[in-house]
Amino acid sequence: MAVSSDYLDFVLEQLAPVGPLTSRKMFGGVGLYAQGLFFALIDDDTLYLKGDETLRADFEAAGSTQFAPFGMSPMAYWTAPAEALDDPDLMVDWARKSIAVATARKTRPRK
């Protein structure tokens, strides 16, 4: 679960148009935050974006896979689509979708 500084810098540069981002080390990876919302993580130099059932088909169609560390059950984070890694505008679109998911989860009433 290592993250190289070069890869982190690359991701932050790609996502700069989203607005101010912060990153925090966590469990050997890095969490990414926009507007205080946790919307992405990096593990083993792989970017994972937050998703939900509304984005599942989009992630699957893009060939993304779910984050499942240490053989655990898959989590609500998906690998960034490969074509987005080479297209900053597309990457920003995906990031905004993930931020929207994080926002929706934050505003849902707790049961």
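These are my notebook entries on a few spots I looked up in this structure, which is a predicted model.

**Entry: the core**

I started with the nonpolar core. The largest one has 27 residues. I wanted to know which residues have the most contacts inside it, and the list reads Leu 15, Leu 32, Phe 39, Ile 42, Leu 47 and Leu 49. Next I asked which elements supply at least two residues each of this core. They are the helices α1 (5-14), α2 and α4 (88-107), plus the strands β2 (29-34), β3 (37-43) and β4 (46-50). I noted α4 separately, as the largest share of the core, seven residues, comes from that helix.

I then picked Leu 32 from the list and pulled its contacts, leaving aside neighbours within four places in sequence. On one side of the numbering I got Leu 8, Val 11, Leu 12, Leu 15, Thr 22 and Ser 23. On the other I got Leu 37, Phe 38, Phe 39, Ala 40, Ile 42 and Leu 47. Among these contacts of Leu 32, I recognise Leu 15, Phe 39, Ile 42 and Leu 47 from the core list.

**Entry: Tyr 7**

Tyr 7 is in helix α1. Is Tyr 7 buried or exposed? Its relative accessibility is 16%, and the cut-off for buried is under 20%, so Tyr 7 counts as buried. Where does its side chain reach? I found it 3.3 Å from the backbone nitrogen of Leu 47. Leu 47 also turns up among the contacts of Tyr 7 beyond four places in sequence, along with Ile 42, Asp 45, Thr 46 and Leu 85. I also checked Tyr 7 against Gly 36: the two are 29 residues apart in sequence, and their C-alpha atoms are 22 Å apart in space.

**Entry: two positive phi values**

I scanned for positive phi in residues other than glycine and wrote down Phe 27 and Gln 35. Phe 27 has phi near 50 degrees and lies in the loop between β1 (21-26) and β2. With a relative accessible area of 73%, Phe 27 is exposed. Gln 35 has phi near 55 degrees, and its place is the loop between β2 and β3. Gln 35 is exposed too, at 61%.

**Entry: charges on α2**

How many salt bridges are there? I count two, and I followed both. Glu 53 pairs with Arg 56, with the closest N and O atoms 3.2 Å apart. Glu 60 pairs with Arg 56 as well, the closest N and O atoms being 3.3 Å apart. The shared partner joins Glu 53, Arg 56 and Glu 60 into one network.

The spacing along the helix was my next check. Glu 53 and Arg 56 both sit in α2, three residues apart, about one turn of the helix. Glu 60 and Arg 56 are four residues apart in α2, so about one helical turn separates them. My reminder to self: side chains of opposite charge can pair when their charged atoms come close.

For accessibility, I have Glu 53 as exposed at 60%. Arg 56 is partly exposed at 27%, and Glu 60 is partly exposed at 44%.

**Entry: the loop after α2**

I went on to the loop between α2 (53-61) and β5 (77-79), where Ser 64 is found. At 9% relative accessibility, Ser 64 counts as buried. What does its side chain reach? The backbone oxygen of Thr 79, at 2.7 Å. Thr 79 is also one of the contacts I listed for Ser 64 beyond four places in sequence, together with Phe 59, Trp 78, Ala 80 and Pro 81.

Met 72 has its place in the loop between α2 and β5 as well. Its relative accessibility is 46%, so Met 72 counts as partly exposed, whereas Ser 64 is buried. Which residues make the nonpolar surface patch with Met 72? I noted Phe 70 and Met 75, and the patch comes to about 340 Å².

Methods
Residues are numbered from 1 along each chain as its sequence is written. This is a predicted model: local features need pLDDT of at least 70, side-chain atom pairs count only at pLDDT 80 or more; totals for chains, interfaces and linings use all residues. Side-chain values use heavy atoms; hydrogens and water are left out. Buried means under 20% relative accessible area, exposed over 50%, partly exposed in between (1.4 Å probe, protein chains only). A polar contact is a pair of N or O atoms within 3.5 Å; within protein, one must be able to donate a hydrogen and the other to accept it, and residues adjacent in sequence count only if both atoms are side-chain atoms. Contact means heavy atoms within 4.5 Å. Patches are made of residues with over 30% relative accessible area and no salt bridge: like charges are joined within 9 Å, nonpolar side chains (Val, Leu, Ile, Met, Phe, Trp, Tyr) within 5 Å. Accessible areas come from the Shrake-Rupley method with a 1.4 Å probe; for residues, only the protein chains shown count as cover. A salt bridge is a side-chain nitrogen of Lys or Arg within 4 Å of a carboxyl oxygen of Asp or Glu. A nonpolar core is a set of buried Ala, Val, Leu, Ile, Met, Phe, Trp, Tyr and Cys residues joined through side-chain atoms within 4.5 Å.
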